[in-house]
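This briefing covers the sheets and helix packing of one protein model. Please look at the sequence and structure shown here before reading the points that follow.

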Amino acid sequence: METKRYTISVITLGCRVNQYESLAFTEGLQKYGIDVVRPGEPCDAAIVNTCTVTAESDRKSRQMIRRAASYAGHVIVTGCFAQISADTAAAIDNVTYVCGNGGKATLADTVYAILTGTYTGEKSNVGEPDGYDAVEMTTTLPPPERARSYIKIEDGCENRCAYCIIPKARGPVRSKKPETVLSEAKALAASGCREIILTGIETASYGMDFEGKQPYGHRLAELIGDIAAVDGIERIGLGSLEPTVMSDYFVGKLAAESKILPHFHLSIQSGCNRTLAEMKRRYNADMAIAAIHRMRGAMPDVTFSADVIVGFPGETEEDFSETMEFCREARFLHTHIFPYSKRAGTVAAERKDQVPDNVKHDRLVRLETLVKSIKREMLDDYVENHRDTPVYVLVEKSGNGGAFGHSEHYYEVEIPGCTAEAGDILAVRLDSHDGEIVTGHIE
């Protein structure tokens with residue numbers, strides 16, 4: 001008698017850590033012989049890996065759970081929304097199982113037991129989100145036809161910012177063992193991966209939970225050096241960093257490593273000292289801009305991207321103007337701007353001085369207009385500076401008459417007529433841009 005082949009889809013919301021974890025337990029399911037299909041296709045089960053960073057994230061998580069229930073025999077809910085709101089998730093029609101972030105390491109085993117009718121546990125299994133097993137989750141292959149892959153090196157955060165629920169959803173800092181990270185990097189390199197992005201909930205806190213305490217960022221710098229020695233890995237990128245990690249030591253180590261990508265995403269949130277203090281961030285605007293200048297002094301061609309929240313409770317027009325001035329000076333290549341959104345369970349959500357939605361929208365539009373003009377200026381300069389001097393583009397997609405990838409500075413680059421394969425790193429001379437994407441050619 002032929003063994004039944006099960007089908008499953010995986011829906012992922014939120015951050016790169018969630019994306020990494022979804023890939024990890026997808027690989028676990030495939031080892032059981034389960035076929036992974038696209039979300040929306042009829043299947044035996046659907047896993048929804050949720051996010052809870054804002055109220056809007058909660059809404060989208062609930063929406064995706066209900067949508068999965070329309071085409072899947074079982075719906076399994078995991079992730080941060082499941083961790084914080086397990087009862088709400090479990091009450092949605094057709095949800096079979098709910099587990100928090102700590103249960104992700106064994107999720108593939110549990111799902112297989114559910115599909116085969118051998119699961120005998122509780123419908124909801126949400127404990128404290130502090131299990132090292134989930135931190136040690138690994139992937140062994142990059143996503144199909146992709147030359148870039150992520151390695152999760154850390155989970156958890158201990159910053160306790162006034163607007164953020166994530167420490168409750170993810171628990172304290174737990175770091176993956178260096179030998180596990182290196183083993184994963186070697187396996188990825190052997191499978192054809194050329195670029196690795198190190199990611200975590202608070203990437204810069206890597207190793208702060210290890211014995212033999214070292215200064216902030218030192219363990220991460222050491223890990224980067226070890227990964228750079230792995231044959232086959234040619235580029236190393238970092239997930240979001242706080243400005244506080246960018247000490248002289250850390251900046252010096254990164255500048256000395258030829259494989260590090262000269263682009264960094266900074267968790268800035270505001271360019272106003274008063275607002276940052278109200279947010280309970282660990283730095284002020286002066287420290288942040290000093291860190292940016294420090295990095296530019298060591299790596300003159302470095303670029304930055306950043307997250308910025310507008311309309312945080314109590315933010316005045318003067319406060320917002322300080323953020324505008326900060327962004328003018330910082331000159332971010334990519335700026336992800338969010339209007340403040342109440343998140344139940346946080347200090348900021350209880351404040352009485354909430355900024356009206358129309359004011360938040362106005363500030364968002366004004367800041368977007370500014371950062372778009374800055375980006376266009378940066379694109380103008382980038383093209384002019386690299387008409388004869390090439391940039392190096394990692395091809396991520398190829399076909400339909402050309403290739404697409406990112407340069408080492410994280411500019412998006414199209415190469416019309418190029419037939420290179422995903423994974424190739426090409427020397428590209430630039431021709432033009434459309435305000436977002438650069439076009440270039442190879443010789």
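## Sheets and helix packing

In β10, Gly 237 is the residue that stands opposite Ile 197. This is a predicted model, in which local features need pLDDT of at least 70 and side-chain atom pairs count only at pLDDT 80 or more, while totals for chains, interfaces and linings use all residues. Residues are numbered from 1 along each chain as its sequence is written, and side-chain values use heavy atoms, with hydrogens and water left out.

Helices (H or I, at least four residues) and strands (E, at least two) are DSSP runs, numbered from the N terminus. Two strands pair if DSSP finds at least two bridges between them.

**Four-stranded sheet**

- β8-β7-β9-β10 is the strand order of an open sheet of four strands with mixed pairing.
- β8 (174-175) and β10 (235-238) are the edge strands of this sheet, and each pairs on one side only.
- β9 and β10 run parallel and are joined by four bridges.
- Strand β7 (residues 148-155) also runs parallel to strand β9 (residues 195-200), and six bridges join them.
- Thr 199 in β9 has Lys 152 opposite.
- β10 is covered on both faces: Arg 235 and Gly 237 on one side, and Ile 236 and Leu 238 on the other, are all buried (under 20% relative accessible area, computed with a 1.4 Å probe on protein chains only).
- In a regular strand the side chains alternate between the two faces of the sheet.

**Helices on the four-stranded sheet**

- Axes here are lines fitted to C-alpha atoms, for helices over the stretch in contact, and angles run from 0 to 180 degrees between N-to-C directions.
- Helix α1 (residues 16-31) lies across β7 and β9, and runs at about 105° to β7.
- Helix α9 (residues 218-228) lies across β7, β9 and β10, at about 155° to β10.

**Six-stranded sheet**

- A sheet of six strands is open, with parallel pairing and the order β2-β1-β3-β4-β5-β6.
- β2 (35-36) and β6 (124-125) stand at its edges with a single partner strand each, so one side of each is left without a neighbour in the sheet.
- Strand β1 (residues 7-12) pairs with β2 in the parallel sense over two bridges.
- Asp 35 in β2 is the bridge partner of Thr 7.
- Helix α5 (residues 107-116) packs on this sheet and touches β1, β3 (43-50), β4 (72-79) and β5 (95-99); the direction of α5 makes about 160° with that of β4.

**Packing of α1 and α5**

- α1 and α5 pack with their axes 8 Å apart, at an angle of about 45°.
- α1 and α5 are therefore oblique to each other (angles under 35 degrees count as roughly parallel, over 145 as roughly antiparallel, 65 to 115 as roughly perpendicular and the rest as oblique).
- The α1 and α5 crossing is right-handed (the near helix is turned clockwise from the far one by less than a right angle).
- In α1, Phe 25, Gly 28 and Leu 29 meet Leu 107, Ala 108 and Val 111 of α5, where contact means heavy atoms within 4.5 Å.
- By class, this contact of α1 with α5 has five nonpolar residues, one polar and no charged ones; Ala, Val, Leu, Ile, Met, Phe, Trp, Tyr, Cys and Pro count as nonpolar, Asp, Glu, Lys and Arg as charged, and the others, Gly among them, as polar.

**Packing of α12, α13 and α14**

- Helix α12 (residues 285-298) packs with helix α13 (residues 317-330) at an angle of about 5°, with their axes 11 Å apart.
- α12 and α13 are therefore roughly parallel to each other.
- Ala 285, Ala 288, Ile 289, Ile 292, His 293 and Arg 296 of α12 make this contact with Phe 326, Glu 329 and Ala 330 of α13.
- The contact of α12 with α13 has six nonpolar, one polar and two charged residues by class.
- α13 and helix α14 (residues 357-385) have axes that come within 10 Å and cross at roughly 15°.
- The crossing of α13 and α14 is right-handed.
- From α13, Glu 317, Phe 320, Thr 323, Met 324, Cys 327 and Arg 328 meet Arg 363, Arg 366, Leu 367, Leu 370 and Ile 374 from α14.
- This contact of α13 with α14 has six nonpolar, one polar and four charged residues by class.

**Arg 294**

- Arg 294 lies in helix α12.
- With a relative accessible area of 31%, Arg 294 is partly exposed (between 20% and 50%).
- Leaving aside neighbours within four places in sequence, Arg 294 is in contact with Met 246, Ser 247, Asp 248 and Val 251.
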